[in-house]
Amino acid sequence: MITIEEARRIILSAIHPLGGEEVPLLQALGRVAAEDVVSPWDIPGADHSAMDGYAFAFASLSAGPLAVCDVIHAGASRDEPVPKGCAVKIMTGAPIPPGCDTVVPVEDVRLERERIFLRGEVRLGDHIRRRGEDVTAGARVIPAGALLRPQEIGMLSSLGRTAAQVFRRARCGVLSTGDELLQPGSIPQPGKIINSNSYSIAAQLLEAGGEPVMLGIARDDREETRRKIGEGLQADLLITTGGVSVGDRDFVREALLDLGGEIRFWKVAMKPGKPVAFAMVRGKPVFALPGNPVAAMVAFEQFVRPALLTLMGHTQILRPVVRGVLTEPVRNRGERPHLVRVAVRLAEGRYQVAATGEQGSARLSSLTSGNGLVKLPPDTALAAGSEVEVQLLDRHFEMGAP
Ligand code: AMP
Ligand code: MG
């Protein structure tokens, strides 16, 4: 059986970023730049005052107190040179007028009969934001491949942009399989359970920036499974859950083969999540995830999310791994690496890590009460106080005393 890392390598070698598209600026948030963004101009476009204050020629200070002869508000400008012996009142962001080279803030000045007296020391060039000191014309401000965060969105708008060229969002088919499944909203009946996988998986997709396409439920029938998977291949990527193990009515692998798919692996040495397959079918990546709700979500984290992020141009595709300290012992008696669901707290500047109780692969509560995974090798017991690496699934952790 292959390892998680080998499986991920196989997947990533088959996945390449989708193309780009132009979107309005705010829709570019969280997306990846598909172009180098070059500034058309200097920012600031001229020397500006960095303070509400007075602008003057430093050299004229020696001739005694300066007379205030004009005021320049933000948004205004003065082209006429400021005469010797004069200062102009100037607001933050207003351009420094000709004849001035220094600004002193209002709070450092005493004003008497329209003359200014300086309280402290002043140096030539104080409190001026130089033309181009933030961005120079022609500079590459945002490289292709950068994640567009709020600060990049602000930068793009200051370059005059109202749209950005970004990698396309991946449309991802989500198909559940199983005769026992009822859609949410139904009343549970004997032998039936509610299809939660479609929703947990779609939510994981949305969280990672993908676009879920809900394909509903395929009954445990080879023909129906093949048909629904075939429909799902219109998306950029397809995810199925269930029906990929060794049960009498597990038809997902057969359906993939019927469609001419090439199964690149089936079964990975991990718990939960062993019965998982990855196939390329008509050029599209298909992830056949296990049916058990925790196994499906954990397998999504290990395999689908990195692939999805790669499709959408991201280069940082793995969850952050942090080191933490176990507050209770953990043990893996099995022969596969166990991805233990844990809750991570931040207390006294350290990550404190505890397993989320019973770890059955059908117990969704082992995930709802946690925010991380610890990979425990086979036949391993760790005592409380041991250091472990935690894959942080989210940063919604309880904060203890600093
Ligand atoms: P399977 O691999 O199809 O045998 O499914 C394994 C287990 O996962 C069974 O107990 C199923 O009832 C459960 N399961 C399968 N699909 C879903 C789903 N969409 N939502 C919740 N549980 C599921
Ligand atoms: Mg099934």
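Which helix and strands each supply at least two residues of the lining of the second largest pocket? In this predicted model, the elements that do so are strands β13 (171-177) and β15 (193-194), together with helix α6 (293-311). Before a closer look at the pockets, the chain as a whole deserves a short introduction.

Seven helices and 28 strands are found in the chain. With a radius of gyration of 31 Å, well over the 21 Å that the globule rule gives for 402 residues, the chain is more spread out than a compact globule. Along the principal axes, its C-alpha atoms fill a box of roughly 100 × 50 × 40 Å. Of the 402 residues, 46% are buried. Among contacts with a separation of 6 or more, 70% join residues 24 or more positions apart. The exposed area of the chain comes to about 19500 Å², and carbon and sulfur atoms supply 51% of it.

Now to the empty spaces. The largest pocket has a volume of about 680 Å³. Its lining involves 28 residues, and those closest to the centre are Leu 147, Arg 305, Leu 309, His 314 and Gln 316. Sorted by class, this lining holds twelve nonpolar, eight polar and eight charged residues.

The second largest pocket, the one met in the opening question, encloses about 440 Å³ of space. It is lined by 31 residues, of which Gly 242, Pro 290, Gly 291, Asn 292 and Pro 293 are the closest to its centre. Here the lining divides into ten nonpolar, 14 polar and seven charged residues.

Note on methods
Residues are numbered from 1 along each chain as its sequence is written. Chains are lettered from A and ligands numbered from 1 in the order in which they are written. This is a predicted model: local features need pLDDT of at least 70, side-chain atom pairs count only at pLDDT 80 or more; totals for chains, interfaces and linings use all residues. Side-chain values use heavy atoms; hydrogens and water are left out. On a 1 Å grid over the protein atoms alone, a cavity is a set of points where a 1.4 Å probe fits but cannot get out, and a pocket is an open set with protein on both sides within 12 Å along at least five of seven lines; lining residues have an atom within 4 Å of a point. Grid points are joined across faces, edges and corners, and a volume is the space filled by probe spheres set on the points. Ala, Val, Leu, Ile, Met, Phe, Trp, Tyr, Cys and Pro count as nonpolar, Asp, Glu, Lys and Arg as charged, and the others, Gly among them, as polar. Helices (H or I, at least four residues) and strands (E, at least two) are DSSP runs, numbered from the N terminus. The radius of gyration is taken over C-alpha atoms; the globule rule is 2.2 Å times the number of residues to the power 0.38. Buried means under 20% relative accessible area, exposed over 50%, partly exposed in between (1.4 Å probe, protein chains only). Contact means heavy atoms within 4.5 Å. Accessible areas come from the Shrake-Rupley method with a 1.4 Å probe; for residues, only the protein chains shown count as cover.
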